[in-house]
Structures are given as structure tokens and as C-alpha cells.
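Please find below my note on this structure, set out as numbered points. They take up the contact between the chains, the symmetry, the surfaces near the DNA, and a few individual side chains.

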Protein chains: 2
Amino acid sequence: MISPDLIKGSLKTIVLRLLKENGRMYGYEITRKVEELTAGRIKLTYGALYPVLHKLENEGVLVTEAENFNNRIRIYYSLTPKGNSVVAEKVNEMKEFIDSLQSIVNLQPGLNNG
Amino acid sequence: MISPDLIKGSLKTIVLRLLKENGRMYGYEITRKVEELTAGRIKLTYGALYPVLHKLENEGVLVTEAENFNNRIRIYYSLTPKGNSVVAEKVNEMKEFIDSLQSIVNLQPGLNNG
DNA sequence: CGTAATATTTAAGTAAGTTATATATTACAA
DNA sequence: TTGTAATATATAACTTACTTAAATATTACG
């Protein structure tokens, strides 16, 4: 398991990227998908996820459709046009972040420095 | 520039990884090196860096040697044996983190899902 | 009949950062 | 010589993105 402190800050981008991928998803589904894609290494907490979804909706980044499945409410989220451009920005930033971390982590003694 | 929220949480690992690489470094040097390695995309703030260095010292992860250069104090930090094992753990975790982020960011529509 | 899984909500608390300020020397330009 | 930028460290006050915890409700399984 990856420590929450490390993941902190990436939540929004992760959620938005998955929504871009899947068109629409509900909260619980997002947590499942993240666990699946990361081999259980990233687990989103509901206390973090749902407030973020609500916030993104209030900002006009996401829209919701409530549906009923087996007497359980599912609230599907999908990107607005504004949301689409936000994802693009966020994903670019995350790619730069990954590149940056890699250039630090992958340092090799005696090869890159002097 | 990568947003502070994204970097937050990685600071400790970045610092430790650089110290492992360079043997010993002083605070200001660490900020320069991170900017250099990340093409200016990650800028550490002193308000974050120095408290972290002090904390790691108190935990027995780092030791210090104060030196004088041009009438300016330089406090060099280097890893203790304990520090070496901490770096190893932290770097492993970060590699898993990077892998996880990549498996989300690099999703391709219609290829991995169904 | 109890537990696990599914599904969402939200209040209270934590802590890792940011922001701002202080201090002091060297170097360079106008 | 006066001011600004770079070098070098320290720390108090504040923010906020989370974690933790508790609540609610249905389905599924042993």
C-alpha cells in the first residue's frame, strides 16, 4: 500500500482521468477501478472521494445523473466541456510530475552527476 | 511549474534520494539540485525543506556537519545507517507510486478496458 | 441471523505543507 | 555607495486536502 501522504494531491487528477476514460462512473465504481488499475496499491477513501466529486460538480467540471440499481442509488458523474479541458491540463501536469519524480528516483551514482 | 499540492508528500523522499546520491548536501544546494534535475518544474520552499531536514535529523535518519564557506554557514546533511534503509523503503514506495500513476494516466480508450 | 459487500454522506481532526518574515554575507551594477 | 540579487538558514502562523469516524440503507451469502 502506498502511503496516503504520497497520494494526497493526486486524487482529483486520478478521478478526472478515469472519467475521461470511461465516460461516466459512480463513486464506488471509481474506488474499485483505482484499486484494480493499481493492483491494490492505491485505495481511495470515501471521505476524500465524495467531497471531491461534489466540489467538482459545484465548479461545473462534472455533471451528475442519479440512477437506481437494485434499490441502491448510483450517482453517475461525467465530464462537462469545461471538465474536458480541466482533465487535459491536470493530466499534463501529472505527466510532468511523473517525469520529474523519475529523474530524481532514477539517478545513478557516477552517471549523471559530477 | 507543478502545483505544490501534487508535490506535497514527495518532499521527504526527494530529499533522501538526493542525499543517497550525493553523499552529503546542504539545504540550499538541495533546492538548486531539485530545480536542475526537474528543469525548474519542482521548486522546494525553504519553509518546507528546513523543518523536514530538522525532523529527519531528530529521527536519527540524518546527521549534520556545520561548515563555513565565505562567511556563510553551510549545514551539510548526510544519511545515517538507519537513513540508508529508510531511503530504500521510501524509494520503493515512490516507484510503486509512479507505476500506479502511470497505469492511470496512460490508459488508452478501448485498449485496456471492457 | 450476522457479516460482507454495495453505495453515499458529512462532521471533526490532523499534519504536511505554504506564506511571510527575520537575519546575514557576498557579488555585481548603476 | 547604494540597491538588488544570490547565497544560506530559521521559524511562526495559517491553510487545506486529506484521514478518521460515524451514520444510513439495501443485497447477498453462509
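1. A polar contact is taken here as a pair of N or O atoms within 3.5 Å; within protein, one must be able to donate a hydrogen and the other to accept it, and residues adjacent in sequence count only if both atoms are side-chain atoms. With that rule, a phosphate oxygen of DNA strand D is found 3.2 Å from an N or O atom in the side chain of B:H54.

2. On the basis of the note: this is a predicted model, in which local features need pLDDT of at least 70 and side-chain atom pairs count only at pLDDT 80 or more, while totals for chains, interfaces and linings use all residues. Residues are numbered from 1 along each chain as its sequence is written, chains are lettered from A and ligands numbered from 1 in the order in which they are written, and side-chain values use heavy atoms, with hydrogens and water left out.

3. The interface between the protein chains brings 39 residues of chain A into contact with 39 residues of chain B (contact means heavy atoms within 4.5 Å). The area buried between chain A and chain B is about 3,700 Å², with 67% of it given by carbon and sulfur atoms; buried area is the accessible area (1.4 Å probe) that two parts lose on being put together, summed over both. Within chain A, the residues that lose the most area to chain B are A:L6, A:I104 and A:V105, together 19% of what that side buries.

4. As to polar pairing, the rule finds ten residue pairs in polar contact across the interface of chain A and chain B, both residues being at pLDDT 80 or more. The count of salt bridges between chain A and chain B, by contrast, is zero, where a salt bridge is a side-chain nitrogen of Lys or Arg within 4 Å of a carboxyl oxygen of Asp or Glu.

5. Which elements give two or more residues to the side of chain A that touches chain B? They are α1 (4–7), α2 (11–22), α3 (27–37) and α5 (81–105) of chain A, and the largest share, 14 residues, comes from α5(A); helices (H or I, at least four residues) and strands (E, at least two) are DSSP runs, numbered from the N terminus. By class, this side of chain A has 18 nonpolar, eleven polar and ten charged residues, with Ala, Val, Leu, Ile, Met, Phe, Trp, Tyr, Cys and Pro counted as nonpolar, Asp, Glu, Lys and Arg as charged, and the others, Gly among them, as polar.

6. On symmetry, a turn of 180° and a shift of 0.0 Å along the axis lay chain A on chain B with an RMSD of 0.0 Å, and the two copies are thus related as by a two-fold rotation axis. Copies are superposed by least squares on the C-alpha atoms of residues with pLDDT of at least 70 in both. Of the residues of chain A, A:I98 comes closest to the rotation axis, its C-alpha lying at 3.1 Å.

7. Around DNA strand C there are 26 residues, of which A:Y28, A:Y50, A:R74, B:G9 and B:T45 come nearest; a residue is near a molecule or strand if one of its heavy atoms lies within 4 Å of it. Sugar and phosphate account for 81% of the atoms of this strand that come within 4 Å of the protein. Phosphate oxygens of DNA strand C lie 2.3 Å from a polar side-chain atom of A:Y28, 2.7 Å from an N or O atom in the side chain of A:R74 and 2.3 Å from a polar backbone atom of B:G9. The element that gives the most to the surface near DNA strand C is α4(A), with five residues.

8. Around DNA strand D there are 27 residues, and A:G9, A:T45, B:Y28, B:Y50 and B:R74 come nearest. Here α4(B) gives the most to the surface, with five residues. A base oxygen of DNA strand D is 2.9 Å from a polar side-chain atom of B:R72, although 79% of the atoms of this strand within 4 Å of the protein belong to sugar or phosphate.

9. Lastly, B:R74 has its place in strand β3 of chain B, and its side chain is joined to that of B:Y76 by a polar contact of 3.3 Å. Leaving aside its neighbours within four places in sequence, B:R74 is in contact with B:Y26, B:E65, B:A66, B:E67 and B:F69.
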